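Biologist: I'd like to go through this one with you and hear the reasoning behind each label. Shall we look at it together?

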Amino acid sequence: MSRYTLILSVATLALLLGCGDKPASKETKPAPLPDKAAPDDKKAGGEAKSSGIKSIGTEWVTLFDGKTLNGWKETDFGGQGKPKVEDGNIVLPSGAPLTGVTFTDDKILPKVDYEVECEAQRADGSDFFCALTFPVKESHASLVLGGWGGSLCGISSLDGEDAANNETTKSINFQNKKWYKVRVRVSPDKIEGWLDDEQIVDANIKDRRVGVRWEVESSRPLGVASYQTLGLIKNLKIRKLD
């Protein structure tokens, strides 16, 4: 039998036995559509709730309700403690080195011709218990109370010089566990500050460079911070000036 005849015979036999048929394709089901992505609870829950304040006028407007941190967020300094509300106060635990809270409804904040006020206490520690950062026109500044070892006060920063190195430097012997009333006034040419109704800052800012130290940039536009110190804050409020 010739080679050609042999090949032809094998092919015919395979055809008769059905070996040449293609295997039936299995029915394939379309892949199920992915479920709707579940909301990121951590993200949703971690976002600060609005303060609910619609506008700020010439009457004092309360920025802290004494019960929640609505309208505020933990300031991301890195190494900060966890702020909380306790007995009507914002508690700023000692950080490594800073702990603070920042106001989130920045669009309602005035930038000039206003006053902001709070009460602050150094409950424990020996450094600044209240660095109040606030808007100044298109910039910001901070009133520091009890820094550089516990007594130094002043505005950071003016023309690049912080509270320890400009004309607002003042030394005050603060007592732990005592409440102090703090008030700052921002007008077009001045930053003024009071402690228990005694004026401690009267700075001319006309044609001067106003800013904050880089360590507290996260406190902008309005925030309060403590440095390796347990600080308490209450009665935070603001008003525009006539």
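Biologist: Let's start with Lys 111: why is Lys 111 called partly exposed?

Modeller: This is a predicted model, so everything here is computed from it. Lys 111 has a relative accessibility of 42%. Buried would need under 20% and exposed over 50%, so a value in between is called partly exposed.

Biologist: And what makes Lys 111 and Glu 138 a salt bridge?

Modeller: The N to O distance between their side chains is 3.3 Å. The cut-off is within 4 Å, for a Lys or Arg nitrogen and an Asp or Glu carboxyl oxygen, so the pair qualifies. As for where they sit, Glu 138 is in the loop between strand E7 (130-136) and strand E8 (139-147), while Lys 111 is in the loop between strand E5 (98-103) and strand E6 (114-124), so the bridge ties together parts 27 residues apart in sequence.

Biologist: Is Glu 138 buried or exposed?

Modeller: Exposed: its relative accessible area is 69%, and the label needs over 50%.

Biologist: What about Arg 208 and Asp 159, how do you know that they form a salt bridge?

Modeller: Their closest N and O atoms are 3.0 Å apart, and the limit is 4 Å. Arg 208 belongs to the loop between strand E13 (198-204) and strand E14 (223-227), and Asp 159 to the loop between strand E9 (152-156) and strand E10 (170-171), so this pair ties together parts 49 residues apart in sequence. Arg 208 is partly exposed at 26%, and Asp 159 is partly exposed at 36%.

Biologist: Which residues are joined into one network by salt bridges that share partners?

Modeller: Let me begin with one pair. Arg 185 and Glu 192 meet at 3.9 Å, N to O, which fits the rule of within 4 Å. Their labels come from 25% for Arg 185, partly exposed, and 11% for Glu 192, buried. Through shared partners, the network takes in Glu 115, Glu 117, Arg 183, Arg 185, Glu 192, Lys 237 and Arg 239. The whole structure has 15 salt bridges.

Biologist: On to the strands. How do you know that E7 and E14 pair?

Modeller: Three bridges join them, and they run antiparallel. Pairing takes at least two bridges, so E7 and E14 meet the requirement. One bridge puts Leu 132 opposite Val 224 in E14.

Biologist: What makes strand E2 (72-74) and E10 edge strands?

Modeller: The open sheet of seven strands runs E2-E5-E14-E7-E8-E9-E10, with antiparallel pairing. E2 and E10 each pair on one side only, and that is what earns them the name. The chain has two helices and 15 strands.

Biologist: Why is Thr 229 called buried?

Modeller: Its relative accessibility is 0%, and buried means under 20%. Thr 229 sits in the loop between E14 and strand E15 (230-240). Leaving aside neighbours within four places in sequence, its contacts include Leu 92, Pro 93, Arg 122, Phe 128 and Phe 129.

Biologist: And what makes Ala 123 buried?

Modeller: Ala 123 comes in at 9%, again under 20%. Ala 123 is part of strand E6 and, beyond four places in sequence, touches Asn 176, Lys 177, Leu 230 and Leu 232. The C-alpha atoms of Ala 123 and Lys 177 are 4.6 Å apart, although 54 residues separate them along the chain.

Biologist: What is odd about the phi of Asp 87?

Modeller: Phi is positive, about 55°, and Asp 87 is not a glycine. Asp 87 lies in the loop between strand E3 (84-86) and E4, and at 75% accessibility it counts as exposed. Asp 197 also has a positive phi, about 70°. Its place is the loop between strand E12 (190-195) and E13, and 56% makes it exposed, as the cut-off is over 50%.

Biologist: Last one: which residues lie nearest the centre of the second largest pocket?

Modeller: Phe 128, Trp 148, Arg 213, Glu 215 and Tyr 227, out of 13 lining residues. The lining splits into eight nonpolar, two polar and three charged residues, and the space inside is about 260 Å³.

Methods
Residues numbered from 1 in each chain as written. Predicted model: local features only at pLDDT ≥ 70, side-chain atom pairs only at ≥ 80, totals over all residues. Heavy atoms only, no water. 1 Å grid on protein atoms, 1.4 Å probe; cavity = no way out; pocket = protein on both sides within 12 Å on 5 of 7 lines; lining within 4 Å. Points joined across faces, edges and corners; volume = space filled by probe spheres on them. Nonpolar A, V, L, I, M, F, W, Y, C, P; charged D, E, K, R; others polar. Helix = DSSP H or I, 4+ residues; strand = E, 2+ residues; numbered from the N terminus. Buried < 20%, exposed > 50% of the residue type's maximum accessible area, 1.4 Å probe, protein only. Contact = heavy atoms within 4.5 Å.
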